[in-house]
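I opened my notebook for a look around this one. Here is what I looked up, entry by entry.

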Number of protein chains: 2
Amino acid sequence: MQARSRATVDALVEATARILVREGFEKASTNRIAEIAGVSVGSLYQYFPSKEALVAAVIDRHNEEIMGIVRAALTEVADLPIDKAVRRLVTVAIEAHRIDPKLHRVLAEQIPRTGQLKDVEAFNREVHTLVRAYLESRRNEMRKIDPGLATFICVSAIEAVAHNTVLNQAEMLSEKTVRTLVDETTRMVVGYLR
Amino acid sequence: MQARSRATVDALVEATARILVREGFEKASTNRIAEIAGVSVGSLYQYFPSKEALVAAVIDRHNEEIMGIVRAALTEVADLPIDKAVRRLVTVAIEAHRIDPKLHRVLAEQIPRTGQLKDVEAFNREVHTLVRAYLESRRNEMRKIDPGLATFICVSAIEAVAHNTVLNQAEMLSEKTVRTLVDETTRMVVGYLR
DNA sequence: ATATAATGCGAGCATTCACTCGCTTTTCCT
DNA sequence: AGGAAAAGCGAGTGAATGCTCGCATTATAT
């Protein structure tokens with residue numbers, strides 16, 4: 001039956017994420033994952049050909065969540081002037097990183113980059129492409145500047161601020177702090193673009 | 001008989017770095033490291049209590065190299081106005097990341113962050129402190145702004161540009177590209193600060 | 001030359017862990 | 001009900017690997 005197996009798959013992915021967050025990558029053995037999922041190792045290998053594939057599924061789920069938000073934001077921002085748009089994007093970047101900070105941290109710090117590096121790169125490229133398209137459509141509001149370069153610098157800067165904010169300050173982030181941070185980052189990026 | 005043992009220690013650290021770069025973290029077993037170093041596993045454990053400690057030594061050596069450059073730059077820049085200083089710092093950041101890009105990549109991507117995370121944080125804090133001190137000494141050239149916040153944003157942005165540049169473009173970086181990148185990043189940061 | 005200490009050796013132990021396979025249970029269909 | 005197919009089970013396997021320990025070699029001191 002399908003419902004049953006989908007539940008098993010979900011339980012496995014969920015359990016993997018939980019263990020990664022609660023006990024770190026090292027403790028995440030396939031046996032343990034199966035145990036936490038309430039499933040046998042045999043079933044695990046019925047659905048995932050390797051441990052790597054399982055971890056990749058977790059990464060994908062998380063990235064897909066983030067990309068959903070980012071894509072939506074970039075669509076809804078398409079008609080806004082640069083200052084409004086950048087502000088929104090900075091806000092969204094921080095929000096996206098805050099979805100599941102602990103998981104984000106583990107994925108960023110503890111997962112050995114192997115095969116699925118390709119996937120992460122794909123997400124990166126997508127963000128790049130989308131941002132670049134937006135910037136090109138707003139060329140008239142900007143100074144003369146190579147769009148690829150501008151995209152690279154802006155995305156790097158915004159991503160870094162969001163990333164470091166979430167990693168360093170963990171969960172303790174007041175609304176006010178976030179607002180100030182958004183203000184400042186927006187100011188930097190907008191000032192740079194025009 | 002210190003010379004002999006120092007040579008052994010050096011050989012071990014060097015071999016570890018080589019294996020990390022050439023074959024990745026997974027292939028870096030203690031047995032293999034000892035073999036490449038031309039030393040026995042027993043000797044390895046005479047000088048390093050664990051594999052982790054060995055990897056930590058490699059990380060430390062690399063970080064120390066980078067910090068040496070950064071510290072020097074920040075000292076020699078102390079009397080320069082903001083625009084000159086920032087330009088120098090951006091340049092140095094990229095240079096520092098280019099010291100050993102392959103090792104840098106492995107350290108950034110493949111090493112599970114365990115204990116020695118503390119060390120990395122210490123380096124981070126030092127950079128922060130130094131930059132902040134500089135900014136505070138130049139307050140008069142800047143708009144009214146919280147120094148801690150400004151430091152956080154500037155360091156994040158510069159670091160991210162340098163990091164991504166080196167990671168994405170590997171070794172293929174023309175002088176011209178670097179100069180443009182430095183120009184643009186400098187422009188962004190300086191524009192932001194004043 | 002002899003004794004003592006420092007350094008080095010590497011086979012092997014103990015453990016962990018990804019993964020397999022033969023079997024059982026559950027679900028579906030007629 | 002009966003049987004086939006789908007899903008699940010978990011003890012067991014084999015390989016990898018971090019690390020130990022008893023012994024061998026080399027340096028220093030007397």
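**The second pocket.** By class, I find four nonpolar, three polar and four charged residues lining the second largest pocket. (Ala, Val, Leu, Ile, Met, Phe, Trp, Tyr, Cys and Pro count as nonpolar, Asp, Glu, Lys and Arg as charged, and the others, Gly among them, as polar.) Among the lining residues are F25(A), K51(A), F25(B) and P112(B).

**Ground rules.** I am reading a predicted model, where local features need pLDDT of at least 70, side-chain atom pairs count only at pLDDT 80 or more, and totals for chains, interfaces and linings use all residues. Residues are numbered from 1 along each chain as its sequence is written, chains are lettered from A and ligands numbered from 1 in the order in which they are written, and side-chain values use heavy atoms, with hydrogens and water left out.

**Helix α2 of chain B.** I looked up helix α2 (a DSSP run of H or I, at least four residues, numbered from the N terminus), which spans residues 30-37 of chain B. Which of its residues are buried (under 20% relative accessible area, 1.4 Å probe, protein chains only)? They are T30(B), I33(B), A34(B) and A37(B). These residues lie on the same side of α2(B), because they cover an arc of only 95° around the axis, taken from the directions from the helix axis to the C-beta atoms. I also noted that an α-helix has 3.6 residues a turn, so residues three or four places apart point the same way. After α2(B) comes G38(B), with a positive phi near 70°.

**Between the chains.** In the contact (heavy atoms within 4.5 Å), I find 27 residues from chain A and 27 residues from chain B.

Key
Buried < 20%, exposed > 50% of the residue type's maximum accessible area, 1.4 Å probe, protein only. Helix = DSSP H or I, 4+ residues; strand = E, 2+ residues; numbered from the N terminus. 1 Å grid on protein atoms, 1.4 Å probe; cavity = no way out; pocket = protein on both sides within 12 Å on 5 of 7 lines; lining within 4 Å.
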